[in-house]
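Hello,

Here is the structure I promised to pass on to you. Please open it beside this email, and my notes follow below.

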Amino acid sequence: MLNLHNPSLLATQCYINGSWIDADSRLEVTNPATGITIATVPILGRAESKQAIIAAHAAGQTWRNTSATERAHLLRAWHDLILANRYDLAQILTCEQGKPVAEAEAEIRYGASYIEWFAEEARRIQGDIIAAPSRDKRLITLKQPVGVVGAITPWNFPNAMLTRKIAPALAAGCTIVCRPASETPLSALALGVLAEKAGIPAGVLNIVTGARDIATELTENPLVRKITFTGSTPVGKQLLQQSATTCKRTSMELGGNAAFIVFEDADLEAAIEGALKAKFRNAGQTCVSANRFLVHTSIYDHFITKLAARVKDYHLGDGLNPNTTLGPLINPAAVKKVAGIVEDALAKGATLITGGKQATQGPCFYEPTVLGGVNASMKAFNEEIFGPVAAVCEFSTEAEAIAMANHTNQGLANYFYTGDTARQWRVAEALECGIVGINEGIVSNAMAPFGGVKESGHGREGSSYGIQDYLDIKYVCIGGLA
């Protein structure tokens with residue numbers, strides 16, 4: 001199944017304090033496209049997690065005092081090793097997660113870009129001199145690392161979700177304990193192999209796999225000063241409650257319910273291309289995936305016909321097959337959930353344009369689907385689908401489109417297509433979300449702040465803002481200077 005140039009990247013032990021740790025109990029990691037077991041990894045619990053936290057805390061006493069230049073050089077070395085091994089890393093990612101290998105390689109490059117960016121941001125951590133109330137005082141601010149960080153990441157982007165947490169943490173002078181998703185631990189462990197090779201000191205980066213009580217230890221242990229989480233809103237709320245007992249800093253990148261609005265003056269061909277990227281990348285399993293397609297009534301029929309025609313061109317299969325353009329969902333439970341959302345929509349009057357059932361390729365595959373006539377009474381409008389289903393609705397006015405887009409407790413991303421510059425400003429400012437794509441279906445990059453509002457979370461990843469969540473501000477007043 002795997003033909004790696006560097007077999008050591010397929011690590012099957014956890015990484016704590018610079019050592020590779022095993023356990024008697026093992027967790028199987030399977031390829032969702034084939035059901036074949038790729039490898040097994042240790043099932044660790046609270047005791048081992050506490051060991052990792054203690055190691056991170058001890059390492060932090062030295063790491064926080066290393067120069068920004070030294071931290072930048074080590075991060076850059078890690079970045080270079082990741083790119084040098086990107087083909088092997090992409091194979092590992094595809095085998096455990098399912099996405100086409102071309103998408104997996106794109107994720108590796110995307111994840112590495114965060115390491116490169118924050119290696120540079122390490123040199124730009126700056127305080128301020130504040131105007132003093134009197135001549136005998138000087139007021140300054142210092143920015144210092146928060147301390148040990150606990151990172152909990154999902155399975156849909158198992159490389160990039162980690163690098164965009166680890167990179168700013170290490171750049172800021174923090175140490176980190178990472179708990180990757182049980183479905184996709186191999187990508188995380190491979191990153192650990194390369195971090196060790198890059199010379200990142202023992203204890204600065206730790207990776208533990210296994211039981212859910214790892215997260216409990218991370219949230220409740222007082223040595224951990226920050227939790228950063230990407231995942232579902234219900235789990236995020238639970239982690240916030242657990243973190244409150246020790247008043248931890250938190251960053252939460254939670255679920256989304258993105259609208260994709262196509263106005264009557266849009267470039268229709270460009271909108272179709274953007275819709276395909278925003279909806280079907282990673283089989284719709286992205287937090288910024290377009291969920292609800294809101295199309296002006298004057299172009300609705302034309303749009304939905306053209307979209308369905310393009311959707312029929314997707315080739316489902318094993319992500320390692322170069323002909324595959326749409327991979328599986330992560331597990332049969334995910335297929336069941338998507339099927340239930342489609343069935344609910346059809347029962348409430350939606351029209352099935354194409355797809356609409358489990359695919360023949362296997363229990364984790366669902367046909368790419370287009371639903372027409374979707375409205376606010378349906379799960380497809382109100383719930384994050386997290387699958388290859390485009391739910392298409394009609395609207396008549398700009399105000400109606402904005403109201404429909406904002407009719408959700410989520411506020412991560414929205415997209416819209418229009419040729420009207422004034423409308424671009426009006427709608428972008430009116431949408432209640434953290435990210436807006438205008439005439440563009442893929443918006444995330446290392447230079448831009450990624451995050452949401454409302455129940456999609458708080459905090460930002462990427463950009464110069466992204467490192468601030470890992471820094472405490474200390475105010476220093478110097479008196480007696482007259």
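A search through the whole of this predicted model turns up 24 salt bridges. A few of them are worth a visit with the viewer open.

Start in helix α2, which covers residues 68–84. Here Asp 80 forms a salt bridge with Arg 76, and their closest N and O atoms are 3.2 Å apart. The two residues are four apart in α2, which means that about one helical turn separates them. Asp 80 has 39% relative accessibility and so counts as partly exposed. Arg 76 is also classed as partly exposed, because its relative accessibility is 34%.

Next, please look at Glu 461 and Arg 164. The closest N and O atoms of this salt bridge are 2.7 Å apart. Glu 461 sits in the loop between β21 (457–458) and β22, while Arg 164 belongs to helix α5, so the pair ties together parts that are 297 residues apart in sequence. Are these two residues buried or exposed? Glu 461 is buried, and Arg 164 is buried as well.

Another pair is Glu 432 with Lys 454, a salt bridge whose closest N and O atoms are 3.0 Å apart. Glu 432 lies in the loop between α14 (421–430) and β19 (435–438), and Lys 454 is in strand β20 (residues 453–454), so this pair links parts that are 22 residues apart in sequence. Glu 432 counts as partly exposed at 40% relative accessibility. Lys 454 is partly exposed too, with a relative accessible area of 38%.

There is also a network of salt bridges, which links Glu 264, Asp 265, Glu 398, Arg 423 and Arg 426.

Now for the sheets. Strand β22, which follows the loop that holds Glu 461, belongs to an open sheet of three strands in the order β5-β6-β22, with antiparallel pairing. β5 (128–130) and β22 (471–478) are the edge strands, each with a single partner, so one side of each has no neighbour in the sheet. From one strand to the next, the twist averages 25 degrees. Strand β6 (residues 138–145) and β22 run antiparallel and are joined by eight bridges. If you would like a place to look at this pairing, take Thr 141, whose bridge partner in β22 is Tyr 475.

Another open sheet has seven strands, in the order β14-β15-β16-β13-β12-β18-β19, and its pairing is mixed. At its edges stand β14 (351–354) and β19, each with a single partner strand, so one side of each is left without a neighbour in the sheet. Neighbouring strands here are turned by 25 degrees against each other on average, direction ignored. Within this sheet, β12 (residues 258–262) and β13 (residues 290–296) run parallel and are joined by five bridges. Ala 258 stands opposite Ala 290 in β13.

Finally, the pockets. Rolling a probe the size of a water molecule over the atoms shows where empty space is left. The largest pocket has a volume of about 1200 Å³. Which of its 42 lining residues come closest to the centre? They are Trp 155, Phe 229, Gly 231, Ser 232 and Val 235. At least two lining residues come from each of α7 (213–220), β10 (224–230), α8 (233–243) and α11 (332–347). Helix α8 gives the most, with six residues. By type, the lining of the largest pocket has 17 nonpolar, 18 polar and seven charged residues.

The second largest pocket has a volume of about 440 Å³. Its lining is made up of 25 residues, and those nearest the centre are Glu 103, Ala 106, Phe 157, Arg 281 and Ile 442. Helices α4 (101–121) and α5 (160–172) each supply at least two residues of this lining. The largest share is that of α4, with six residues. Here the lining divides into 13 nonpolar, seven polar and five charged residues. You have already met α5 above, as the helix that holds Arg 164.

Best wishes, and happy browsing!

Notes. Residues numbered from 1 in each chain as written. Predicted model: local features only at pLDDT ≥ 70, side-chain atom pairs only at ≥ 80, totals over all residues. Heavy atoms only, no water. Pairing = 2+ DSSP bridges. Axes fitted to C-alpha atoms, helices over the stretch in contact; angles between N-to-C directions. 1 Å grid on protein atoms, 1.4 Å probe; cavity = no way out; pocket = protein on both sides within 12 Å on 5 of 7 lines; lining within 4 Å. Points joined across faces, edges and corners; volume = space filled by probe spheres on them. Nonpolar A, V, L, I, M, F, W, Y, C, P; charged D, E, K, R; others polar. Salt bridge = Lys/Arg side-chain N within 4 Å of Asp/Glu carboxyl O. Buried < 20%, exposed > 50% of the residue type's maximum accessible area, 1.4 Å probe, protein only.
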